[in-house]
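Please open the model in a viewer and keep the selection tool at hand. The stops below proceed from salt bridges to rings, and then to pockets and a cavity.

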Amino acid sequence: RVGEVLLFMGEEYWLAGELALVREGTPALTLFVAPERAQDRWLAAPRQGDVLYALVADAALADLGWPGVEVPSAGGTMRRVEEGACTIIPSGEVPEGWSGAGRYTVFRTMETVAVVVEQGSNRLALKGKTVPRRMVERMG
């Protein structure tokens with residue numbers, strides 16, 4: 001939830017805001033922004049499964065435009081595992097302009113993940129790693 005601090009591998013993630021990507025009345029994916037001096041980090045919680053995604057902005061992924069069924073990743077490719085239209089519901093401290101109808105797609109290999117979200121002229125292209133939920137602790 002927004003306002004919580006999570007700890008993973010000695011790093012703290014303060015969840016300042018969220019973008020809930022809602023499909024059929026329930027969040028399909030929730031993206032939490034965790035501000036950092038150099039760049040914002042993001043944690044994503046998929047609707048199902050025992051992992052979270054630890055993500056950062058990826059300029060090369062953003063430059064691809066809206067991706068197809070696969071995207072390049074460190075000498076290989078990631079395949080699309082989920083995509084669709086969604087309603088984006090922001091809360092807390094998130095970049096301006098994120099609200100209303102949008103679309104998203106998720107790509108994965110074993111431990112690498114990419115998420116692309118679009119809404120109007122906004123595009124968020126993130127890449128990172130999967131994190132087992134059991135390895136993430138709530139602080140406080």
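**A guided tour by selection**

Begin with E118, which is buried at a relative accessible area of 12% (buried means under 20%, exposed over 50% and partly exposed in between, with a 1.4 Å probe and protein chains only). This is a predicted model, in which local features need pLDDT of at least 70 and side-chain atom pairs count only at pLDDT 80 or more, while totals for chains, interfaces and linings use all residues. Residues are numbered from 1 along each chain as its sequence is written, and side-chain values use heavy atoms, with hydrogens and water left out.

**Salt bridges**

Add R123 to the selection: its side chain meets that of E118 in a salt bridge, at 2.2 Å from N to O (a side-chain nitrogen of Lys or Arg within 4 Å of a carboxyl oxygen of Asp or Glu). R123 is partly exposed, with 34% relative accessibility. The structure holds eight salt bridges.

Next, select E4 and R138, whose side chains form a salt bridge of 3.1 Å, N to O. E4 lies in the segment before β1 (5–8) and R138 in strand β12 (residues 137–138), so the pair ties together parts that are 134 residues apart in sequence (strands are DSSP runs of E with at least two residues, helices are runs of H or I with at least four, and both are numbered from the N terminus). E4 is buried at 18% relative accessible area, whereas R138 is exposed at 62%. Include R1 as well, since a network of salt bridges links R1, E4 and R138.

Now select E11 and R41, a salt bridge in which the closest N and O atoms are 2.8 Å apart. E11 belongs to strand β2 (residues 11–14) and R41 to strand β5 (residues 41–46), so that distant parts of the chain, 30 residues apart, are linked. R41 is buried, at 9% relative accessibility, and E11 is partly exposed, at 42%.

**Charges over rings**

Keep R41 and add Y13: R41 lies over the face of Y13, 3.9 Å from the ring centre (NZ of Lys or CZ of Arg within 6 Å of the ring centre and within 35 degrees of the ring normal). For another such case, select R103, which lies over the face of W66 at 3.9 Å from the ring centre.

**Pockets and cavity**

Which residues line the largest pocket? Select R1, E4, L6, L15, F32, L43, A45, L52, R133, V136, E137 and R138. A pocket is an open set of points on a 1 Å grid over the protein atoms alone, with protein on both sides within 12 Å along at least five of seven lines; a cavity is a set where a 1.4 Å probe fits but cannot get out, and lining residues have an atom within 4 Å of a point. The volume of the largest pocket is about 260 Å³, meaning the space filled by probe spheres set on grid points joined across faces, edges and corners. β5 and β12 each supply at least two of its lining residues.

Move to the second largest pocket, of about 160 Å³. F8, M9, E11, Y13, R41, A54, L55, V56 and K129 line this pocket. β6 gives the largest share of its lining, three residues.

Finish at the one cavity of 30 Å³ or more, with about 40 Å³ of space. Select its lining: F8, Y13, L43, L52, A54, V131 and V136.
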